[in-house]
Amino acid sequence: MAETRTRGRRERLRAETTAEIKDVALRLMASGGPDAITLRAIAREMGMTANAIYGYFATRDDLVTALIDDVYTALADAVDAAWAATAADDPAGRIQAWAHAFRNWALANPAGFRLIYGDPVPGYQAPEGGAAPDAAQRVCTGLTALAAVAWPQASQASEASEDFQWSDFDAGLLSKIRPAFPDLPPAAVALALRIWGHLHGLLCLEVYGHLRTQMLSPDKLFREELTQLVRSLGLTD
């Protein structure tokens, strides 16, 4: 029994220290950019020796991979929950809910947003198969689902180009989305990327502070962009 308690305490302390290492890494990135993530810098911040921190992450790249997995999974959870909470017969509502969940997550986790969608960590080598492949798949599938729910109306209401071919898209992207949406045409995949451009563009401006001196209400701007987006897709009057 005593041995079990001791092992449980060690595991708890290790989990707490691992979480603190990740938190410090994101804080360093937020203040100093992606190249500020080093195991030695984290060790200094935490009052640990460099050798001690290597007992938690053998390399800097192992830590970055763990951070990306945590961050991407949190984002995927947020947008998936927003999607599931919106009625299936309300495509405009689903697009808006997904988009707002994405924005809320990004504003609450700006360093995480920058880690997965912004500045690359210099010299970082992702593991084979990529970092956070499951979460990346979920976000990609979720984004394509936005185009899928809009497509019946969007293909009629908008001037969606039918000139797109499957050869226009990266094979890796198609391997993620075509099994989940076998009936979508190439033009609908292009629509998914256009929707992504609307959301990602404004969020980058906001997260990186470029709207700070130009717009007193970024939330109002984002809502208007979404309103115009769903209207252009024929989902609202």
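This short talk goes through the aromatic pairs, two charges over rings, and the main pocket of one structure. Keep in mind that this is a predicted model.

I will start with the rings. A pair of aromatic rings is described by the distance of the centres and the angle of the planes. The count here comes to nine aromatic pairs. Take F102 and F113: their ring centres are 6.2 Å apart and their planes meet at 45 degrees, so this pair is tilted. To be called edge-to-face, the planes would have to be over 60 degrees apart.

Where do F102 and F113 lie in the chain? F102 is in helix 5, residues 91-108, and F113 is in helix 6, residues 110-117, so the pair ties together parts 11 residues apart in sequence. As for the surroundings, F102 is buried, with a relative accessible area of 0%. F113 is buried too, and its relative accessible area is also 0%.

F102 has another partner, Y117. Their centres are 5.9 Å apart with 90 degrees between the planes, and this pair is edge-to-face. Again the link runs from helix 5, which holds F102, to helix 6, which holds Y117, and the two residues are 15 apart. Both F102 and Y117 are buried.

These residues belong to a wider group. F102, F113 and Y117 form one aromatic cluster together with Y72, W98 and W196.

Now helix 6 as a whole. How many of its eight residues are buried? Seven are, and helix 6 is mostly covered. Among the buried ones are R114, L115 and I116, along with the two aromatic residues already named, F113 and Y117.

Next, the charges over rings. The charged end of R94 sits over the ring of W83, at 4.1 Å from the ring centre. In the other case, R178 has its charged end over the ring of W166, 3.8 Å from the centre.

Last, the pocket. The largest pocket has a volume of about 450 Å³. It is lined by 21 residues, and the closest to its centre are Y72, A136, C140, L173 and K176. We met Y72 earlier, in the aromatic cluster.

Which elements give two or more residues to this lining? They are helix 4 (60-84), helix 6, helix 7 (133-157), helix 8 (171-177) and helix 9 (186-207). Helix 7 gives the most, with seven residues. By type, the lining of the largest pocket divides into 16 nonpolar residues, four polar and one charged.

Note on methods: Residues are numbered from 1 along each chain as its sequence is written. This is a predicted model: local features need pLDDT of at least 70, side-chain atom pairs count only at pLDDT 80 or more; totals for chains, interfaces and linings use all residues. Side-chain values use heavy atoms; hydrogens and water are left out. Rings of Phe, Tyr and Trp (its six-membered ring) pair if their centres lie within 6.5 Å; planes under 30 degrees apart count as stacked, over 60 as edge-to-face and the rest as tilted. Helices (H or I, at least four residues) and strands (E, at least two) are DSSP runs, numbered from the N terminus. Buried means under 20% relative accessible area, exposed over 50%, partly exposed in between (1.4 Å probe, protein chains only). A charge sits over a ring if NZ of Lys or CZ of Arg is within 6 Å of the ring centre and within 35 degrees of the ring normal. On a 1 Å grid over the protein atoms alone, a cavity is a set of points where a 1.4 Å probe fits but cannot get out, and a pocket is an open set with protein on both sides within 12 Å along at least five of seven lines; lining residues have an atom within 4 Å of a point. Grid points are joined across faces, edges and corners, and a volume is the space filled by probe spheres set on the points. Ala, Val, Leu, Ile, Met, Phe, Trp, Tyr, Cys and Pro count as nonpolar, Asp, Glu, Lys and Arg as charged, and the others, Gly among them, as polar.
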